[in-house]
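User: I would like to go through this model and ask, for each label, what it rests on. Please set each value against its cut-off.

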Amino acid sequence: ALLKETSDAFDEIGALIEDQTKLRIADEKTTPDGTPWAPWSEGYAATRKPNHSLLVAEGNPGLLDSIQNHTTGLEAVVGTNLIYGAAHQFGSENGTLPARSYLGLSADNRAAIEELVVGRIEELLQ
């Protein structure tokens with residue numbers, strides 16, 4: 001039963017990390033350490049519609065919608081299957097696309113995960 005409870009906790013952790021990552025992309029627009037993402041270049045910004053924002057284009061399923069939680073047993077993995085996901089995370093090799101890291105855990109993310117884990121442990125001990 002303990003293994004099942006632990007596995008369930010990892011499912012919850014994976015779902016929480018997925019939500020945190022989507023929030024970073026949709027609203028926060030910062031790296032996990034809180035550094036604001038580089039803005040669009042002037043030329044590229046001129047091609048964007050008013051309702052577009054960094055890494056999110058309205059009505060266009062893209063990076064935000066591709067973020068998924070793949071939790072298996074005691075491993076929670078969150079990421080994207082989109083080929084350009086790595087270019088956004090690390091920047092392009094030729095330097096034309098700056099890194100806008102969206103994967104990873106902020107201090108607040110870690111605190112939320114810790115709170116979830118402590119809560120699950122407290123439930124098990126009752």
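User: Why does Leu 55 count as buried?

Analyst: This is a predicted model, in which local features need pLDDT of at least 70 and side-chain atom pairs count only at pLDDT 80 or more, while totals for chains, interfaces and linings use all residues. Residues are numbered from 1 along each chain as its sequence is written, and side-chain values use heavy atoms, with hydrogens and water left out. Buried means under 20% relative accessible area, exposed means over 50%, and partly exposed lies in between (1.4 Å probe, protein chains only). Leu 55 has a relative accessibility of 13%, so the residue counts as buried. Leu 55 lies in the loop between helix 2 and helix 3, and its phi is near 65°, a positive value in a residue other than glycine.

User: What makes Lys 29 buried, and where is Lys 29 found?

Analyst: The relative accessibility of Lys 29 is 16%, and therefore Lys 29 counts as buried. Lys 29 is found in the loop between helix 1 and helix 2, where helices (H or I, at least four residues) and strands (E, at least two) are DSSP runs numbered from the N terminus. Phi of Lys 29 is near 55°, again a positive value in a residue other than glycine.

User: Why is Arg 48 called partly exposed?

Analyst: Arg 48 has 26% relative accessibility, so Arg 48 counts as partly exposed. Arg 48 has its place in the loop between helix 2 (42-45) and helix 3 (63-66). Its side chain makes a polar contact with the side chain of Thr 47 at 3.2 Å; such a contact is a pair of N or O atoms within 3.5 Å, and within protein one must be able to donate a hydrogen and the other to accept it, with residues adjacent in sequence counting only if both atoms are side-chain atoms.

User: Why is the pair of Trp 40 and Tyr 44 edge-to-face?

Analyst: Rings of Phe, Tyr and Trp (its six-membered ring) pair if their centres lie within 6.5 Å, and planes under 30 degrees apart count as stacked, over 60 as edge-to-face and the rest as tilted. By this rule the count comes to 1 aromatic pair. The rings of Trp 40 and Tyr 44 have centres 5.7 Å apart and planes at 70°, so the pair is edge-to-face. Trp 40 is partly exposed at a relative accessible area of 23%, and Tyr 44 is partly exposed at 38%.

User: What makes up the largest nonpolar core, and which helix gives the most to this core?

Analyst: A nonpolar core is a set of buried Ala, Val, Leu, Ile, Met, Phe, Trp, Tyr and Cys residues joined through side-chain atoms within 4.5 Å. The largest has 12 residues, including Ile 25, Trp 37, Leu 54, Leu 55 and Leu 116. The elements that give two or more residues to this core are helix 1 (2-28) and helix 5 (107-125), and helix 1 gives the most, with 3 residues. Leaving aside neighbours within four places in sequence, Leu 54 is in contact (heavy atoms within 4.5 Å) with residues including Ile 25, Lys 29, Trp 37 and Trp 40.

User: How do you know that strand 1 and strand 2 pair?

Analyst: Two strands pair if DSSP finds at least two bridges between them. Here 5 bridges join strand 1 (residues 68-72) to strand 2 (residues 75-79), and the strands run antiparallel. The bridge partner of Gln 68 in strand 2 is Gly 79. The hairpin has 2 residues between the strands, and Gly 73 takes a positive phi near 60° in this hairpin.
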